[in-house]
Structures are given as structure tokens and as C-alpha cells.
Amino acid sequence: MEKRFSEMSEQELRSSIALLSEKARRAEQMGMVNEFSVHERRIALAKSYLLNPDDFVAGEQYEIDGDPGSTFMIDYVNGTFAWGYRTGNREIEAFPISMLIKKEQQ
């Protein structure tokens with residue numbers, strides 16, 4: 001039985017990320033787009049457990065990794081997920097915190 005990411009140590013998380021990265025690379029090489037996407041999402045989830053959720057602040061803007069030009073305003077953080085709104089969208093969405101990049105102040 002496989003452990004949940006929340007039950008893993010930092011070393012176990014890093015090992016899982018490496019294994020999932022290898023599986024994603026193989027899936028991409030074989031043209032298995034859906035499988036590649038699943039592995040990429042699991043990698044993002046695992047990486048979120050290596051971060052401190054307190055570093056992600058409600059009311060601040062973040063860029064979304066993998067979606068250049070999109071910004072995301074955090075409404076609240078629940079565990080390793082940030083809930084909020086993309087700029088120009090009224091539907092609430094959730095992203096693993098590892099997918100959010102602090103927007104540079106201009």
C-alpha cells in the first residue's frame with residue numbers, strides 16, 4: 001500500500017518526485033499525454049508538501065507555473081492548496097501551492 005504524500009518524510013517526498021519525474025518523462029516520450037499530465041499534477045502535489053503554506057498570503061497575486069501571463073489572487077490557503085481567482089475569472093479555483101510563483105512587485 002502506497003503512503004500519502006502527507007505521511008511522507010522530506011526524503012521520501014524527494015524520492016517520489018524523482019520517480020514521478022522519470023515516469024512523466026517516459027510517458028511524454030511515448031506520446032501518452034494523459035498519463036504525462038497525471039504525473040505532472042502528482043509532482044506538483046508532492047512538491048507542495050515541501051513548502052510552507054504560511055508563505056502564501058491571502059490577497060496577494062501569484063503567477064501560475066505552466067500558464068504564462070495568468071495571475072492568481074489567493075482568497076485562502078487550506079493545507080497545500082491555495083483557493084482563489086484567476087484575473088478576469090469569477091469562478092473560484094484551487095492550485096497546489098507549488099504551482100504558484102510570487103509575482104514581482106513593479
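## Helix α2, a pocket and some rings

Ala46 lies in helix α2. Helices here are DSSP runs of H or I with at least four residues, strands are E runs of at least two, and both are numbered from the N terminus. At 0% relative accessibility, Ala46 counts as buried, a label that means under 20% relative accessible area, with exposed set at over 50% and partly exposed in between (1.4 Å probe, protein chains only). Ser6 sits 40 residues away from Ala46 along the chain, with 8.5 Å between the two C-alpha atoms.

A quick word on what you're looking at: this is a predicted model, where local features need pLDDT of at least 70, side-chain atom pairs count only at pLDDT 80 or more, and totals for chains, interfaces and linings use all residues. Residues are numbered from 1 along each chain as its sequence is written, and side-chain values use heavy atoms, with hydrogens and water left out.

Zooming out, the protein chain has two helices and five strands, and reading along the sequence gives α-α-β-β-β-β-β. The C-alpha trace spans about 40 × 30 × 25 Å along its principal axes. Of the 106 residues in the chain, 28% are buried.

Back to helix α2, this time for the pocket. Helix α2 (residues 33-48) gives the largest share of the lining of the largest pocket, namely five residues. Fourteen is the full lining count, and Glu40, Arg41, Ala44, Asp65 and Met99 lie nearest the pocket centre. By type, the lining splits into five nonpolar, three polar and six charged residues. For that split, Ala, Val, Leu, Ile, Met, Phe, Trp, Tyr, Cys and Pro are nonpolar, Asp, Glu, Lys and Arg are charged, and the others, Gly among them, are polar. The space inside comes to about 330 Å³. As for the recipe, a pocket is an open set of points on a 1 Å grid over the protein atoms alone, where a 1.4 Å probe fits, with protein on both sides within 12 Å along at least five of seven lines; lining residues have an atom within 4 Å of a point. The volume is the space filled by probe spheres set on the points, which are joined across faces, edges and corners.

Now the rings. Searching the whole structure turns up three aromatic pairs, and the table shows two of them, including a tilted one and a stacked one.

| Pair | Centre to centre | Angle between planes | Class |
|---|---|---|---|
| Phe56 and Tyr62 | 5.7 Å | 35 degrees | tilted |
| Tyr76 and Trp83 | 6.1 Å | 5 degrees | stacked |

Rings of Phe, Tyr and Trp (its six-membered ring) pair if their centres lie within 6.5 Å; planes under 30 degrees apart are stacked, over 60 edge-to-face, and the rest tilted. Phe56 and Tyr62 are both buried. Tyr76 counts as partly exposed because its relative accessibility is 37%, and Trp83 gets that label at 29%. Tyr62 also has Lys102 over its face, 5.3 Å from the ring centre; the test asks for NZ of Lys or CZ of Arg within 6 Å of the ring centre and within 35 degrees of the ring normal.

Last stop, strand β2. Thr71 lies in strand β2 (residues 67-78) and is buried at 12% relative accessibility. Its side chain makes a polar contact with the side chain of Gln61 at 3.2 Å (a pair of N or O atoms within 3.5 Å; within protein, one must be able to donate a hydrogen and the other to accept it, and residues adjacent in sequence count only if both atoms are side-chain atoms). Phe72 is in strand β2 too, and is buried with a relative accessible area of 0%.
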